[in-house]
Amino acid sequence: MGEILTTADLRARGVHAKKIQKLIREGKLYRVDRGVYTTRRPEGELLLRALQRARPHLVFTGRTAWELRRNRSIYVPTTALVGRDRSRHGSRYLRLIRGRSGTTELLDGIRLADPLRTAMDMPGNRQLEAVTYLEGEYEGRDGRDRLKKALAAYERVPAGMRVLVDKAAVGGDSDTERVLFRALRAQGIVMEQNKTVGDYRRDGVHEKSKVIVEMNGYEYHRGRGVMVRDYWKANDAVIRGYTHLTYSDSCIDMHLDEVVAQIEAVIRGRAQPCGPVWGWHRMYEQPD
C-alpha cells in the first residue's frame with residue numbers, strides 16, 4: 001500500500017532535504033502536504049491517511065466521505081472540514097471548508113463527518129445522490145428517530161441541511177418506497193413512513209387526510225401467508241376510517257407520475273376513477 005513518512009521519519013533514516021528532493025524527482029517519494037510524504041502515488045485511502053497524518057484535525061466530508069463510505073474511488077481534491085480558528089489554505093489534494101459536524105466517526109483511522117454534514121457538503125450537481133444517501137443512512141423503522149437524534153447534535157441546523165432533509169424520504173424499507181415518497185414530497189405531500197396504525201406497520205401514512213399507502217413487491221408479497229396478512233391489514237385500515245391505497249413495485253417503476261397524481265388527488269379530495277387498469281398499464285404490454 002505504501003508508507004506514510006514525515007520529514008522526521010526520513011531524517012531518522014538518514015534521508016535529508018537534498019535526498020528528499022532527489023527521491024521526489026525520481027518518483028520514489030511523493031509530497032502530500034507540508035512535512036508528509038508517501039512512498040507510493042497518493043491515491044485513495046493512502047492519500048486520506050497521509051492528509052490525516054499531516055493535519056489531525058481534519059474531518060472529511062462531502063463527496064470524499066460519501067466515496068469512502070461507498071467504497072468508491074476518491075476524487076481529488078478531497079474535501080474536509082476545519083474549525084473557524086484554522087487556516088483554509090488547502091493544496092492540490094485538499095479543499096477545505098470552515099464548519100463543524102454534529103458528530104464524527106473514525107473509519108479505519110480516517111475521521112468522517114456525520115451523514116447529514118456529508119450530504120450537505122456534496123457538490124451542487126449531485127444533490128439527488130445526497131438525498132438518496134440520506135435515505136439510505138436513515139432507512140428502516142427507526143430511521144426517523146436516528147435522524148432526529150442526528151439533527152439534535154447541531155445547535156443550529158444549517159439551511160442547506162434542512163433543505164436536503166425535507167427532500168429525503170427517510171424511514172423506508174426499500175428503494176421503491178423511497179422513490180415514491182420522495183416524489184410525493186416534491187409535491188408537498190409528506191407521508192410518515194413505517195408508522196404503526198393499530199396492530200400493523202404501514203409503509204406510508206398521511207394522518208391529516210387519513211390516507212394509507214402500501215407498496216407490495218411481487219417477490220415478497222406473493223406468499224400465501226403474506227397475502228392473507230396484507231388483506232387483513234388493508235381491511236383493518238378501512239375499519240379504522242382510513243382510505244387504503246396499494247401499489248405494486250411495477251406501478252412505481254412504470255407509472256410513477258400516475259401513482260403520485262392519484263395519491264395527491266385522493267389526499268386533496270378530488271380523485272376520479274381512471275378506467276380499467278388493463279387498458280393503460282404498461283405491465284399488460286409485457287410478455288408473460
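Student: In which helix does Y231 lie?
Tutor: This is a predicted model, so every answer here is read from computed atoms. Look at residues 224–239, which make up one helix. Y231 lies in that helix, α11.

Student: Which residues make the nonpolar surface patch of about 440 Å²?
Tutor: Start from Y231, which is one of its members. Patch members need over 30% relative accessible area and no salt bridge. The patch is made by M227, V228, Y231 and W232.

Student: In what order do the 3 strands of the open sheet stand?
Tutor: Strands of a sheet pair through backbone hydrogen bonds, either parallel or antiparallel. In this open sheet the pairing is antiparallel. β1 (4–6) and β2 (30–33) each have a single partner strand, so they stand at the edges. The order is β1-β3-β2.

Student: What does the twist average from one strand to the next in that sheet?
Tutor: The sheet is open, with the order β1-β3-β2. From one strand to the next, the twist averages 40°.

Student: Which residue in β3 stands opposite T6?
Tutor: β3 covers residues 36–38. β1 and β3 pair in the antiparallel sense over 3 bridges. Opposite T6 in β3 stands V36.

Student: Where is H16 placed, and is it buried or partly exposed?
Tutor: H16 is in the loop between α1 (7–12) and α2 (17–25). Its relative accessible area is 46%. Buried means under 20%, and exposed means over 50%. H16 therefore falls in between: partly exposed.

Student: How many Å separate the C-alpha atoms of H16 and L94?
Tutor: Along the chain, H16 and L94 are 78 residues apart. In space, their C-alpha atoms are separated by 26 Å.

Student: How many residues of strand β11 are buried?
Tutor: Strand β11 runs over residues 211–216 and has 6 residues. The strand is largely enclosed by the rest of the structure, because most of those residues count as buried: 5 of the 6.

Student: In which sense does β11 pair with β12, parallel or antiparallel?
Tutor: β12 covers residues 243–248. M215 stands opposite Y247 in β12. The two strands are joined over 6 bridges, and the sense is parallel.

Student: Which residue takes a positive phi in the hairpin of β10 and β11?
Tutor: β10 (residues 200–206) and β11 run antiparallel, joined by 3 bridges. H206 stands opposite V211 in β11. The hairpin has 4 residues between the strands. The residue with a positive phi, near 55°, is K210.

Student: Which residues are linked with K210 in a network of salt bridges?
Tutor: Side chains of opposite charge can pair when their charged atoms come close. Here, salt bridges link K210 in a network with E192, K195 and E207.

Student: How many salt bridges does a search of the whole structure find?
Tutor: A pair counts when a side-chain nitrogen of Lys or Arg is within 4 Å of a carboxyl oxygen of Asp or Glu. E129 and R126 qualify, with the closest N and O atoms 2.4 Å apart. E129 is partly exposed at 27%, whereas R126 is buried at 16%. The search of the whole structure gives 23.

Student: How many residues apart in sequence are the parts that R178 and E139 tie together?
Tutor: R178 forms a salt bridge with E139, with closest N and O atoms 3.4 Å apart. R178 lies in helix α9 (residues 175–186), and E139 lies in the loop between α6 (127–137) and α7 (143–152). The pair therefore ties together parts whose separation in sequence is 39 residues.

Student: Which is buried and which is partly exposed, R178 or E139?
Tutor: Buried means under 20% relative accessible area. R178 has 7%, so R178 is buried. At 36%, the partly exposed one is E139.

Student: In which helix do E264 and R268 both lie?
Tutor: Their salt bridge has closest N and O atoms 3.9 Å apart. E264 counts as buried at 18%, and R268 as partly exposed at 39%. The two are 4 residues apart, about one turn of the helix. That helix is α12 (residues 249–268).

Student: How many disulfides does a search of the whole structure find?
Tutor: A disulfide needs two cysteine sulfur atoms within 2.5 Å. For C251, the nearest cysteine sulfur, that of C274, is 10.0 Å away. C251 is buried at 15%, while C274 is partly exposed at 46%. The number of disulfides found is 0.

Methods: Residues are numbered from 1 along each chain as its sequence is written. This is a predicted model: local features need pLDDT of at least 70, side-chain atom pairs count only at pLDDT 80 or more; totals for chains, interfaces and linings use all residues. Side-chain values use heavy atoms; hydrogens and water are left out. Patches are made of residues with over 30% relative accessible area and no salt bridge: like charges are joined within 9 Å, nonpolar side chains (Val, Leu, Ile, Met, Phe, Trp, Tyr) within 5 Å. Accessible areas come from the Shrake-Rupley method with a 1.4 Å probe; for residues, only the protein chains shown count as cover. Two strands pair if DSSP finds at least two bridges between them. Axes are lines fitted to C-alpha atoms, for helices over the stretch in contact, and angles run from 0 to 180 degrees between N-to-C directions. Buried means under 20% relative accessible area, exposed over 50%, partly exposed in between (1.4 Å probe, protein chains only).
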